[in-house]
Amino acid sequence: MENSTAFDKIPVQDENDFLRYLRKVDGILDLTIGLLAVIGNTMVFIAYAVSKQLQTKTNILVLNLAMADFLTGSVIPIFAWSLFVDIEYIEPWMEIMCVIAMALGQAFIGCSMITLAFIAFNRLVLITKRKETYQRIFQRRNIAVFIAISWTVPFIVDTVPLFFGIGQLGFDEVAHICGAKTNHPYAYLYDILIVTLLIPIPMSVIVYSYARIFLFIRRHNQKLTASSGKGTKPQTVSSVSGKYVAEPSSSRVEKERRKLQKQADISKNLFYVVVVFVICLSPHLLAVLFRAGPYVLNQTKIMGVSNGFMNPILYGVKHPHFRMVFACILSCRWKDVPQPSRILKSIMGRSHRKKNFTTSKAGRGGTPTVRHSTSGV
């Protein structure tokens, strides 16, 4: 007895209408996700620009992640368009647009993955190593190299196999969306190469780094608790920077604990970003590896790109520094931005001078001021 599905019981015309309706819904979801990703990550750019407190070496990498998510959101409308258009209206220039969009989209997501690994490594060195070690590894020159790697490697992995006839990008008539063409003889090999070359190494770095961080924080808190309860007996405990210092007083212990807790909160927030990224992307990776049907592929692809607008939400809810700056930006309280940057001070200074000039001009053009002379008194 042959297997049947729900779609087998639908007349062909009704089935096409039903799938066309689903594609339109998916297209609307894509457009919404793309718009939210562009707006949310623009907020990250603005926050970084206006607050000197956010202009740290870690946040340079966070900014790189935001740029990858922003660009992903920028190409999503092309995927949405491919869901709306009917196959008979596909023209050669549209095929080229799909090739460009898919190549860029895959590279941007790969850049996000590698950047998350560099962020995890950055937090590991910052919290568990000496300050000198951190400054030596994360010099601006080295950070520039890390960023270059995060963009270059995904583009190489994404495009080089195509020159050897492994896979083909364009409008996939099976899934009815821009993507890797599923009817190509080496389509599955192409998908395997993308997954195996871009996922395992960054994920290993991420898991190892955050596991080491949280183990270090737990041990360090235990040492601080033990040292604060032993009176004046000399002890040595490792500080957040990795140095070994003499047993601190109770106030110094509390200061050290607060400093460590602050770094832990930031690390937790960045770890949440990784968790959300994995949750969003995993269904699509599994769908690709297990050759799921076109409808499942489309739904999981939407879930995969939705990660781009979730990161700014996580920063706004959980990150202690971004949360404060986002609140000031959304309420237009620019004067309350913590540690305003030179750019913000310059803009506010110009605005203040312009306001004073306008007020002065209005005063001269309005009621004349009476000047009393004291010469005749």
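Let us start at Cys 332, which sits in the loop between α11 (320-330) and α12 (342-365). Helices here are DSSP runs of H or I with at least four residues, strands are runs of E with at least two, and both are numbered from the N terminus. The phi of Cys 332 is near 60 degrees, a positive value in a residue other than glycine. Cys 332 counts as exposed because its relative accessibility is 55%; exposed means over 50% relative accessible area, buried means under 20%, and partly exposed lies in between, with a 1.4 Å probe and protein chains only.

Before going on, a word about the model: it is predicted, so local features need pLDDT of at least 70 and side-chain atom pairs count only at pLDDT 80 or more, while totals for chains, interfaces and linings use all residues. Residues are numbered from 1 along each chain as its sequence is written, and side-chain values use heavy atoms, with hydrogens and water left out.

The loop between α11 and α12 also holds Gln 339. Gln 339 is not a glycine, yet its phi is positive, at about 50 degrees. With 48% relative accessibility, Gln 339 counts as partly exposed. Two more residues to look at are Asp 336 and Arg 333, which form a salt bridge with their closest N and O atoms 3.0 Å apart. A salt bridge here is a side-chain nitrogen of Lys or Arg within 4 Å of a carboxyl oxygen of Asp or Glu. Asp 336 is partly exposed because its relative accessible area is 44%, and Arg 333 is partly exposed because its relative accessible area is 37%.

Now step back to the whole chain. It has 12 helices and 4 strands, and of its 377 residues, 42% count as buried. Among contacts between residues at least 6 apart in sequence, 73% join residues at least 24 apart, where contact means heavy atoms within 4.5 Å. One pair to find on your screen is Ile 100 and Leu 169: these residues are 69 apart along the chain, and their C-alpha atoms are separated by 8.5 Å. Ile 100 belongs to helix α3 and counts as partly exposed because its relative accessibility is 44%.

Let us return to charged pairs. Side chains of opposite charge can pair when their charged atoms come close. The whole structure has 4 salt bridges. In one of them, the side chains of Arg 23 and Asp 86 meet at 3.8 Å, N to O. This pair links distant parts of the chain, with Arg 23 in helix α1 (residues 12-50) and Asp 86 in the loop between α2 and α3, 63 residues apart. Both Arg 23 and Asp 86 are buried. Another salt bridge joins the side chains of Lys 181 and Glu 95 at 2.8 Å, N to O. Here too distant parts of the chain are linked: Lys 181 lies in the loop between β2 (177-180) and α6 (187-198), and Glu 95 lies in helix α3, 86 residues apart. Lys 181 counts as buried because its relative accessibility is 16%, whereas Glu 95, at 21%, counts as partly exposed.

What does a buried lysine without a salt bridge have as its nearest side chain of opposite charge? For Lys 301, that side chain is Asp 172, 6.8 Å away; Lys and Arg count as positive and Asp and Glu as negative, while His and the chain ends are not counted. Lys 301 is found in helix α9 (residues 294-305). Leaving aside neighbours within four places in sequence, Lys 301 is in contact with Ile 177, Cys 178, Gly 179 and His 284.

Finally, look for empty space inside. The count comes to 1 cavity of 30 Å³ or more, a cavity being a set of points on a 1 Å grid over the protein atoms alone where a 1.4 Å probe fits but cannot get out. The largest cavity holds about 70 Å³ of space, its volume being the space filled by probe spheres set on the points, which are joined across faces, edges and corners. Its lining residues, those with an atom within 4 Å of a point, include Asp 69, Phe 108, Leu 281 and Asn 307. Helices α2 (57-84), α3 (92-128), α8 (250-289), α9 and α10 (307-318) each supply at least two residues of this lining, and α3 gives the largest share, 3 residues. By class, the lining has 5 nonpolar, 5 polar and 1 charged residues; Ala, Val, Leu, Ile, Met, Phe, Trp, Tyr, Cys and Pro count as nonpolar, Asp, Glu, Lys and Arg as charged, and the others, Gly among them, as polar.

Notes. On a 1 Å grid over the protein atoms alone, a cavity is a set of points where a 1.4 Å probe fits but cannot get out, and a pocket is an open set with protein on both sides within 12 Å along at least five of seven lines; lining residues have an atom within 4 Å of a point.
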